[in-house]
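Me: Got a chain here I'd like to go through with you. Can we start with the basics?

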Amino acid sequence: MINLHAIKSLLKFYFASDTYYRVHSPFLFELLDNTLEDDRHYYIFEEIEALRKKLLNDHTILEIEDLGAGSKTTKNKQRSIKSIASSAVSPAYQSQFLYKLAQYLRAQNIVELGTSLGISALYLSAYSSKVNLFSLEGSKSILEVANNNFRSFNKKNISTLLGHFDETLPQAISNIDKLDMVYIDGNHAKKPTLKYFEECLDNIHDQSVLIFDDIYWSREMTAAWDVIKSNHMVRLSLDMYYFGIVFFNSNIKKKQDFKIVNAKFKPWQKFI
Ligand SMILES: C[S@@+](CC[C@H](N)C(=O)[O-])C[C@H]1O[C@@H](n2cnc3c(N)ncnc32)[C@H](O)[C@@H]1O
């Protein structure tokens, strides 16, 4: 089904966005230079992408519980691993950005809402064994596949929690001293997204970063993003179309909102 809101928003975003060439904030320029505009490729990327390829060819049918946006009650339905891998998992460029962001910010205590098959969790936890990632998933059969994937990567720094985010997010937070990074990639509706945001706000520090996936997936998600970036604790917001990211760094005296696109999509901005 064509998502008109997402298409219209993409056009608006493209025309309104800037590249890092036009960013005057030293904090943001450095961050983009080391993440979005950094084209270093790490060996682990190939290993994770090989797993994605395997999942994309896996016809095993799972009985899944859908706890996400749109389902008022828990619904059981059947889906192949192949179909989940092709439609519900962050693509390589987004996941690799997450790896670089975690690495650049030296995020150690990370929470992910929405494990799915484990692809983004593998990226988020890969830059150092010191990372302590809690990844939350509501669907038992999907989480079993993710846990197998983590075992095949011999991961010791990912803990998974099964259940509704309403229960598992407070559980994860209570196991962590300070929340360095949170990736919210599940239950894409306004009310729950704002609820998770509020819960995280009680546990952040100056260097924390919260990443919201799919902020233009629906009008509701865009409305949630508008509320999030306007929150008085947010010092800098970064709209990358597929992700909305907020920072709380108190050194940023004047609150700023940016829409940033990769420089390859507006190469002329290097000169004008
Ligand atoms: C988009 S997928 C996550 C993709 C994963 N982060 C990746 O990129 O590899 C979202 C996942 O969140 C789970 N989910 C959605 N709403 C949930 C809820 N309220 N509680 C627990 N899990 C939920 C779904 O079962 C789904 O597997």
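Reply: First, a term. Helices and strands here are DSSP runs, numbered from the N terminus. Also, this is a predicted model.

Me: Fine. How many helices and strands does the chain have?

Reply: It has 10 helices and 10 strands.

Me: And how compact is the chain for its length?

Reply: The radius of gyration is 18 Å, and the globule rule gives 19 Å for 272 residues. Those are close, so the chain is as compact as a globular protein of that length. The C-alpha atoms fill a box of roughly 50 × 40 × 35 Å along the principal axes.

Me: What share of the residues is buried?

Reply: Buried residues make up 36% of the 272.

Me: On to the sheet. What's the strand order?

Reply: S5-S4-S3-S6-S7-S9-S8-S10. That is an open sheet of 8 strands with mixed pairing.

Me: Which strands stand at the edges?

Reply: S5 (158-162) and S10 (256-259). Each has a single partner strand, so one side of each is left without a neighbour in the sheet. The twist averages 15° from one strand to the next.

Me: In what sense do S8 and S10 pair, parallel or antiparallel?

Reply: Parallel, over 4 bridges. S8 covers residues 236-239. Leu 236 has Gln 256, in S10, as its bridge partner.

Me: What does helix H7 touch on the sheet?

Reply: H7 (residues 140-152) packs on the sheet and touches S4 (132-137) and S5. The direction of H7 makes about 170° with that of S5.

Me: Switching to backbone oddities. What's the phi of Tyr 241?

Reply: Positive, about 75°, although Tyr 241 is not a glycine. Tyr 241 lies in the loop between S8 and S9 (243-247).

Me: Is Tyr 241 buried or exposed?

Reply: In between. It is partly exposed, with 18 other C-beta atoms within 10 Å. Buried would need 20 or more.

Me: What about Ser 116?

Reply: Ser 116 is not a glycine either, and has a positive phi of about 50°. It sits in the loop between S3 (109-113) and H6 (119-124). Ser 116 counts as buried, because it has 23 C-beta neighbours inside 10 Å.

Me: Last topic, the ligand. Which residues come nearest?

Reply: Gly 68, Ser 90, Gly 114, Gly 138 and Gly 186, out of 18 around the ligand.

Me: How does that shell divide by residue type?

Reply: Into 6 nonpolar, 10 polar and 2 charged residues.

Methods:
Residues are numbered from 1 along each chain as its sequence is written. This is a predicted model: local features need pLDDT of at least 70, side-chain atom pairs count only at pLDDT 80 or more; totals for chains, interfaces and linings use all residues. A residue is near a molecule or strand if its C-beta atom, placed from the backbone, lies within 6 Å of it. Ala, Val, Leu, Ile, Met, Phe, Trp, Tyr, Cys and Pro count as nonpolar, Asp, Glu, Lys and Arg as charged, and the others, Gly among them, as polar. Two strands pair if DSSP finds at least two bridges between them. Helices (H or I, at least four residues) and strands (E, at least two) are DSSP runs, numbered from the N terminus. Axes are lines fitted to C-alpha atoms, for helices over the stretch in contact, and angles run from 0 to 180 degrees between N-to-C directions. Two residues are in contact if their C-beta atoms, placed from the backbone, lie within 7 Å. The radius of gyration is taken over C-alpha atoms; the globule rule is 2.2 Å times the number of residues to the power 0.38. A residue is buried if 20 or more other C-beta atoms lie within 10 Å of its own, exposed if 12 or fewer, and partly exposed in between; C-beta atoms are placed from the backbone.
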